[in-house]
Structures are given as structure tokens and as C-alpha cells.
Amino acid sequence: MAYLALYRQHRPKKLDEIVEQSHIVRALSNAITEQRLSHSYLFAGPRGTGKTSVARILARSLNCEQGPTLQPCGVCASCKSIDQGTSMDVREIDAASNRNIDDIRNIRQNMQYMAESRYKIYIIDEVHMLNDYAFNAFLKTLEEPPPNTLFILATTEAHKIPLTILSRCQRYDFRRISTKGIMSQIQKISKQESLEISAEALKTISGRAEGCMRDALSLLDQCLSFAGNHIELDDVLAVLGSVDQKTLICSIEAMIYGDIPKLLQLLDLIEAEGKDLVQFLRDLLLQLKEWLTEKPPIDTLLPEQIVELLQVLSTTEWEMKQSTQPRLSLELAMFRAGDQYRAGDRLSVLESKIRALEALSKISNSTEDPSPVDQGNPKQAVMSVEVKSPEVRKPEQVEQVVPISKESDPAKEEEKSAKPLRNDEIRMETWDQILMQVFREKISAHAILKQGKVYRRNGNTLEVLFQNDFHKKIMEKEDNKQAIERALKHHLGEVTRFVPLLPRDIQVLSSAEPLQTQEDWLIQAAIQWAGKDKVEIASPQPKENQNQKG
Ligand SMILES: [Zn+2]
């Protein structure tokens with residue numbers, strides 16, 4: 001017997017076998033059991049989401065000799081003839097190749113013959129392809145349908161259908177099938193067919209189908225012919241014409257670190273293997289998108305940087321298709337994306353320099369004024385000075401402000417030597433790392449946590465100050481607390497408790513004067529160093545507030 005494609009073998013035969021689309025299944029099931037059928041239905045939605053399958057199931061359910069029933073028997077003459085496409089009462093017409101007025105006239109003629117079964121059913125696929133004359137002729141049929149005649153129109157482009165037709169149909173919109181839905185269907189089939197598919201391979205097949213079950217099962221079919229009954233990720237990638245995981249990650253590394261010779265070499269290799277560069281770009285984008293939700297193997301890559309890379313690369317496919325030299329377009333886009341990534345890196349160097357300045361200001365201040373009152377963590381004590389980021393982000397302007405990026409190491413050392421760490425303090429970088437881990441685990445907790453200021457480290461507890469009761473309450477929620485405490489444990493080891501505080505929880509100490517001079521000094525220093533137009537004083541706080549923190 002000839003091989004039958006998987007998607008035809010495993011086509012659903014009853015409404016309850018339809019994957020997802022529960023809104024449609026429920027409405028049609030009720031219509032069948034309560035015998036309240038419309039005489040025309042419109043099934044709209046992307047390809048491979050089950051429109052034709054549901055149309056055929058509806059026909060079987062209505063015309064089965066045991067019916068109308070939700071469980072068509074599948075063995076009676078009517079069910080069998082529908083399955084084989086030989087039923088005289090259920091006709092499938094492809095409007096893409098039967099789009100003229102004569103084709104509609106044929107239908108009208110055919111409608112005059114009595115039905116052998118309960119209903120005469122016309123399934124018109126891709127109905128938007130009918131031409132204007134055909135639509136007009138069809139409209140007349142819809143206006144005065146003969147009894148026991150049912151039209152099921154299916155389309156991927158409902159907006160191309162005239163309103164006069166639309167208004168006479170009961171419309172059902174099919175949704176793309178979720179990756180999860182496709183995965184579980186493939187798992188079901190692989191059990192029935194005793195196939196072994198690795199988890200990674202399953203994920204890739206389901207993801208690449210983009211909501212289209214037919215594509216997923218066709219891809220699975222291709223993998224079966226390629227690799228036999230045991231399918232691994234590399235088999236799927238080979239069938240897709242995609243590069244392997246290692247090459248993909250190496251290319252991303254070469255891109256962000258600006259290793260142009262290596263990047264060009266990798267692109268040579270991909271081309272030499274006969275792989276399509278547009279497909280490579282799509283894989284690259286998919287990979288970056290995946291890293292937004294799971295930890296990337298490249299440690300230095302932060303979520304906001306991934307978003308920037310995606311922004312630069314998202315228009316590249318269009319550029320490649322317009323260009324006579326698609327490879328050049330790809331190369332330029334990848335260089336551009338890498339540049340942007342490194343520009344962001346230079347910005348963080350700038351930020352660390354500002355912090356170093358803050359720390360220095362604290363040292364100089366405390367030697368000038370040996371006040372017994374502790375001024376606390378410099379991060380809390382000084383007014384925050386923010387460099388206007390939109391201006392600095394442009395690479396050419398970054399060059400003006402930061403001499404060369406090699407300076408990053410001295411800057412860090414300067415910061416370390418300038419800021420002796422007390423027992424109740426934590427390093428700024430450590431706090432940033434904690435924030436980043438919380439960001440990865442729970443974005444909503446991160447949004448509030450980053451607004452807090454570290455008050456002090458107290459034994460195994462980290463106390464963080466929040467502006468208002470609302471923020472404090474959110475931070476006290478068990479799941480937020482747990483996410484934060486996991487990050488604390490990871491980065492601070494022995495610190496395992498997180499305690500949010502309000503200013504009123506802290507004893508008021510007076511240190512107004514030293515703070516004032518310190519602010520002035522820092523602002524002067526920042527202006528001297530970065531230029532007046534690049535320094536903006538952000539959110540100056542009333543003195544009372546700062547006193548409380550001191
Ligand atoms: Zn039957």
C-alpha cells in the first residue's frame with residue numbers, strides 16, 4: 001500500500017479530536033445536537049489550523065447513517081464515501097482553480113438533484129479566490145438556498161470576501177495552534193507510530209511550524225525519511241536547512257564581540273555547506289528570541305541587549321531580499337548589531353566611572369570632616385547624577401565622552417581601591433547582578449526592587465529601603481520575596497533574608513551639612529568630567545528625606 005502522509009493518516013475524524021479551537025468545537029457540537037444549523041458557514045483563519053478538517057467532520061456528523069451525531073460511525077456508506085472523496089452529496093471545490101461564473105453555475109445545477117443523504121454539502125476552499133461575477137452568482141444561491149443544503153466556505157483571507165457574502169454566513173475564526181498543542185499532538189502520534197523523538201527535536205519541529213499543524217506533520221514526515229524512527233535535533237536542523245547549534249552560537253559571539261574575520265569565516269562555511277543565508281538569519285532571530293525566556297549560554301548577554309540586537313536584525317530579511325548582494329546586507333546588519341551591543345557596553349563603563357566618582361567624593365568628604373555620624377552607603381547618601389542616555393547612546397558621541405573602551409579595567413580598579421567595603425555594605429556590581437537575576441526570574445518583582453535602595457546588610461539579612469507602603473507591600477509578597485532571596489543567596493552566599501523597609505522604620509540622624517557639600521562636589525566633578533550638557537540632576541530629594549537615610 002502506498003505511503004500516506006502523516007497529516008492525512010492522523011487527520012481528526014470527530015469534533016472532539018480537533019486540536020485546540022475549543023470555541024468552534026463547542027458551538028458546532030451544540031448546533032449538531034440541537035439541530036440548529038445555519039445554511040452557510042465561513043471558516044476563516046491561517047493555513048493548517050483545521051478548517052477543512054472541521055468542514056469534513058461536520059459533513060460526516062450530519063450525513064452519517066447513525067446521525068446527525070457527534071460520533072460519526074466511520075463505517076457506513078456515507079462516512080466511507082466522504083472519507084474517500086466520492087460522496088455525491090458532499091462536494092469539495094477549490095475556488096483557486098474554479099473561480100469563474102461557470103463553476104458557480106455548475107454548483108447551482110448540481111443543487112437541483114435530490115440528496116441521497118440528509119444534506120447536500122458544498123465545501124468551497126479558498127473562497128476569496130472567486131472573481132466578482134462568480135461572487136455575484138453565488139450571492140443569489142446564498143440568498144435563496146434550497147432546503148437541506150449547506151455551504152461551508154473556508155478562507156485564509158476573509159477580508160477579500162464581499163460584505164454581502166460575509167453577512168449571510170455564520171463566521172468562525174480559527175486560531176493558530178499553540179506550540180504546546182502541536183507538541184502534544186506530535187507526542188501522541190509518535191506513541192502510535194512508535195517513533196523516538198528527542199525533546200529538543202520535538203521543540204524545534206513544533207516551534208518552526210508556527211501554529212500550522214500540517215507543516216509540523218510534514219516536517220516530521222521529512223525527518224522520518226531522513227533519519228528513520230529515531231529523530232535528534234541535528235536531523236531536524238539538517239532537514240530545515242538550518243546551521244547546527246554550535247555554528248549559530250559562534251556566529252552570535254563573533255557578532256557581539258566584533259570579531260569580523262571569524263564572522264566572515266563562519267558565513268563562508270555556511271554558504272559552502274549550501275545553506276541559505278536567509279534561513280540562517282531566521283534561525284539567528286529565533287535563537288535570540290528564545291534567549292529572552294531562557295538563560296543564554298553567553299553570560300555577558302543581557303535581556304535588554306538581546307532586544308536591541310533583535311531590533312537591528314529584524315528588518316534584515318527584507319533588506320536581503322531587496323538587495324542584489326544579500327550576503328553583504330547580512331554582514332552589514334550583523335556588524336551594525338554588534339556595534340550597538342558594544343556601544344551599550346561603553347555606556348555601562350561610563351556608569352561605573354560615575355559610581356567611582358561617587359565613592360571618591362565620599363572618601364574625600366569623610367577625611368575633611370571627621371564627623372562621628374556615619375553617612376552610610378554612598379549610594380544612598382549622594383544625590384543621583386544621571387548622564388542623559390539618549391545622547392550618549394550614539395556611538396560617535398560615546399567616543400567623545402569615553403576615550404577608549406580599554407579603560408574599563410582601570411575604572412573598575414579605581415572603584416575598588418577607592419571604596420573600602422564595610423561589613424554592612426554590599427558592592428554596587430553585586431547589587432546589579434542581584435537585580436539582573438531577579439529580572440530573569442520575575443520581571444514584576446524587579447520593577448519594584450530596582451526602585452529600592454540598599455540600606456544595609458545586617459548579618460544574614462539585607463535591608464532595602466522603599467519609598468512608599470505600596471512598594472513595600474508588593475516586596476513582602478511571598479513569591480516576590482522568594483525570588484529575591486534566591487538571588488541574594490546566589491550572589492551573597494550567607495545572606496538569605498530580604499527585609500523591605502520604609503524611611504519611617506529607620507531612626508532619624510542629622511547629617512544635613514556634610515551631605516550638602518558632598519552633593520555640590522560630586523555635581524561639579526561630574527560636570528567637569530562629562531561636560532555640562534551631558535549631566536542632568538535626577539530626582540533631587542528633599543533634605544528631610546536624606547536625613548532619615550543618613
Ligand atoms: Zn457513518
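In the predicted model, strand 4 (residues 149-155) is mostly covered, with seven of its seven residues buried. Burial extends to both faces of strand 4: Thr149, Phe151, Leu153 and Thr155 are buried on one side, and Leu150, Ile152 and Ala154 on the other. Strand 4 runs parallel to strand 1, to which five bridges join it. Within this pairing, Phe43 has Ala154 as its bridge partner in strand 4. Strand 3 (residues 120-125) is likewise parallel to strand 4 and joined to it by five bridges; here the partner of Ile123 is Ile152. Between strand 3 and strand 4 the chain passes through helix 6 (residues 132-143), and the resulting β-α-β crossover is right-handed.

Aromatic contacts were examined next. The structure holds six aromatic pairs. In one of them, the ring centres of Tyr41 and Phe43 lie 6.4 Å apart with the planes at 50°, so the pair is classed as tilted. Both Tyr41 and Phe43 are buried. Phe43 also pairs with Tyr172: the centres of these rings are 6.1 Å apart and their planes stand at 70°, an angle over the 60 degrees required, and the pair is therefore edge-to-face. The contact between Phe43 and Tyr172 links distant parts of the chain, since Phe43 belongs to strand 1 (residues 40-44) and Tyr172 to strand 5 (residues 170-173), 129 residues apart. Phe43 has a relative accessibility of 0% and therefore counts as buried. Tyr172, at a relative accessible area of 12%, is buried because the value is under the 20% cut-off. Together with Phe174, the residues Tyr41, Phe43 and Tyr172 form one aromatic cluster.

A zinc ion is bound by cysteine sulfur atoms. Its protein donors are the SG atoms of Cys64, Cys73, Cys76 and Cys79, at distances of 2.2 to 2.3 Å. The angles among the four donor atoms range from 103 to 120°, and the site of the zinc ion is tetrahedral. Along the sequence, the donor residues follow the spacing C-x8-C-x2-C-x2-C. Cys64 counts as buried, its relative accessibility being 0%. Cys79 is buried with a relative accessible area of 0%, and Cys76 is buried as well. Zero disulfides are present in the structure.

Technical notes: Residues are numbered from 1 along each chain as its sequence is written. This is a predicted model: local features need pLDDT of at least 70, side-chain atom pairs count only at pLDDT 80 or more; totals for chains, interfaces and linings use all residues. Side-chain values use heavy atoms; hydrogens and water are left out. Rings of Phe, Tyr and Trp (its six-membered ring) pair if their centres lie within 6.5 Å; planes under 30 degrees apart count as stacked, over 60 as edge-to-face and the rest as tilted. Buried means under 20% relative accessible area, exposed over 50%, partly exposed in between (1.4 Å probe, protein chains only). Helices (H or I, at least four residues) and strands (E, at least two) are DSSP runs, numbered from the N terminus. A disulfide is a pair of cysteine sulfur atoms within 2.5 Å. Donors are N, O and S atoms within 2.8 Å of the metal (3.2 Å for Na, K and Ca); water is not among the atoms, so sites may look incomplete. Four donors count as tetrahedral if all angles lie between 85 and 135 degrees; four count as square planar and six as octahedral if opposite donors are over 155 degrees apart and all others between 65 and 115; anything else is irregular. Two strands pair if DSSP finds at least two bridges between them. A crossover is right-handed if, with the strands pointing away from the viewer, the path from the first strand over the helix to the second runs clockwise.
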